Amino acid sequence: MNAPEHDSLVLRDVIEHLHQGLSYFDRDLRLICCNRQYLTLLEFPDWMGRPGTTAEDFLRYNAERGEYGPGDIETLVQERLELVRRFEPHRFERRRPDGLVLLIEGNPVQGGGFVTTYTDITALRQSEDALKQANEDLDSRVRARTKELIERERELQEKTATLETVLHSVTNGITMFDDDLKVVLANDRLLEMLDLPKKFGMPGTPFEDFLMYNARRGEYGPGDPEEHVRDRVAAAKRFEPHAFVRVRPDGSQIEIIGHPVPGGFVTTYTDVTEQKRAEALLREANAELERRVEERTRELTEAKERAERANRAKSSFLAQMSHELRTPLNSIIGYSDVVRQEMFGPIANERYREYMDSIHWSGSHLLELINDILEMARMESGKADITDEPVDLEEAVRAALITVAERSGSKSQSLESDLSGYSGRLQANARRVHQMLLNLLSNAVKFTPEGGTIRISTRRRKNGGITISVSDTGPGIAKEDVAKILEPFTQVRTGRANQEGTGLGLSIVNGLIGEHGGRLSVHSTLGEGTRMDLDFPPERTLD
């Protein structure tokens, strides 16, 4: 290897190890050489580092990727080409879109062309910016602190003046004594409240002077004034918090509260005479109120006992009357049925048959009424005679449908059932389940017009409980009347003539499902129909 080749390689190696990017373009603005750092700093692809690549190629590449900001690409390229063609020394900084700050220094070379170096000064500029910001922040904080101190001094002066005004304006008496038990301040209200001469408000007045003045005029009660003063001075020198009420000779009451503070002791004096009088009146009023409450409680207890006795008497009466009424009613119903069926001979006059039908219907209706009233009385008394057993739901529904079928058939109503939701068994009282289904179906038949539809269905809820629904295509119930229909002896007008009945059916159903741990819910839209849901709890589902 000859010397020129060796020098060229050494120079090339030096250029590649520079921390600066370096490019060398000839007079025709074609790349002669560049180092890897140049391509890396400016993020140029490797192919652009080949000798012969034009300066225009580099400029266009930068313009297209937004290095020169917004604008027409061709205009941006030509403007910069014009500057390059001057071959003038230049030195400037450029901040790239990614935040990198480059110091670009270009110098023409002898024979044409120019060499340009690219130095990453991002960290330097960041440090300078940070230092500048820190200096600005420090100046700002110094100015703010200076202003704050000036403002605080002004506020302190204002607060001192305000405090003096407040101390002499508040309704409480206030004193402050220093560590030597001498007056630092005593406001006008204190002097007025305790009838003290003005001299006691002068700073430096000894605490003993206050005590002796009060002791001699009897503020501390009978006894030797000197002894009173000694005891109180000894207590004051302990600088302990204290609070008490002192009754003055004139009967007024002063609440005295003392607190130690740095360098002394502060005491407040409040006239609580009216407050104590009000507290005494309040205690008297409370005592009177308690007496009246006890008296009223006794009256209510007696009224409750009377009501319970009356309720027991009612239950006893209903139980007795049930036997007395059912016996003749059974005779009336039975004998009228014998006559209606002409078991012992034909009825000569057709009008007699009509009378027998009316007697039989009235007796049956009266028996249903008595049974409903007795059932309500049983539930009100809280005597639950529920005996649980496995109840075949499909069989219970079939039995209830058979019972009401004749009644619905006379009105040309459609009676449907769908037990696909659940047809297994329930742990319940079979007779009560039959009674609930029969009451709901009878109620639906009663209020559904000619040609309507009554449907009974079942479903299993997400929690495992079973719901039995009875729906109809009747007139529906207004939203404000839904709660009323569950009250005993209550019927709601539905736009049609009032139906016969006591209004006990749904109340009984509500009570019976409650005894099973479930609930009855009513869903109705006026003019569209009603659905009654019997929701049995999950623990009553057997299958």
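Start your tour of this predicted model at an open sheet of five strands, whose order is 12-14-15-17-16 and whose pairing is mixed. To find its borders, select residues 414–418 for strand 12 and 519–525 for strand 16; these are the edge strands, and each pairs on one side only. Turn the view a little and follow the twist, which averages 15° from one strand to the next.

**Along the edge of the sheet**

Keep strand 16 selected and add strand 17, residues 529–536. The two strands pair in the antiparallel sense, over seven bridges. For one spot along the pairing, pick L520: its bridge partner in strand 17 is L534.

Now show the side chains of R519 and D535, which meet in a salt bridge of 3.8 Å, N to O. The pair links distant parts of the chain, with R519 in strand 16 and D535 in strand 17, 16 residues apart. D535 has 10% relative accessibility, so it counts as buried.

Next, select R531 and D533, whose side chains form a salt bridge at 2.9 Å, N to O. Which of these residues is buried, and which is partly exposed? D533 is buried, with a relative accessible area of 2%, whereas R531 is partly exposed at 32%.

**Across the sheet**

Select residues 430–447 to bring up helix 12. This helix lies across strand 14 (453–460), strand 15 (466–472) and strand 17, and runs at about 175° to strand 17.

**Over to helix 3**

Now jump to residues 55–64, which make up helix 3. Colour A55, F58, L59, N62 and A63: these residues are buried. They cover an arc of only 130° around the axis, so they sit on the same side of helix 3. In general, an α-helix has 3.6 residues a turn, so residues three or four places apart point the same way.

What covers the buried residues of helix 3? Among the elements to select are strand 1 (21–25), strand 2 (31–34), helix 2 (36–41), helix 4 (73–84) and strand 3 (90–95).

**Just past the helix**

Step on to G66, just after helix 3, where phi is positive at about 85°. Then show the side chains of R65 and E67, which meet in a salt bridge of 3.6 Å, N to O. R65 is partly exposed at 29% relative accessibility, while E67 is buried at 8%.

For your last stop, widen the selection to E43, R65, E67, R94, R96 and D98, which are linked in a network of salt bridges. The model's count of salt bridges comes to 35.

Technical notes: Residues are numbered from 1 along each chain as its sequence is written. This is a predicted model: local features need pLDDT of at least 70, side-chain atom pairs count only at pLDDT 80 or more; totals for chains, interfaces and linings use all residues. Side-chain values use heavy atoms; hydrogens and water are left out. Two strands pair if DSSP finds at least two bridges between them. Helices (H or I, at least four residues) and strands (E, at least two) are DSSP runs, numbered from the N terminus. Axes are lines fitted to C-alpha atoms, for helices over the stretch in contact, and angles run from 0 to 180 degrees between N-to-C directions. Contact means heavy atoms within 4.5 Å. Buried means under 20% relative accessible area, exposed over 50%, partly exposed in between (1.4 Å probe, protein chains only). The arc is that of the directions from the helix axis to the C-beta atoms. A salt bridge is a side-chain nitrogen of Lys or Arg within 4 Å of a carboxyl oxygen of Asp or Glu.
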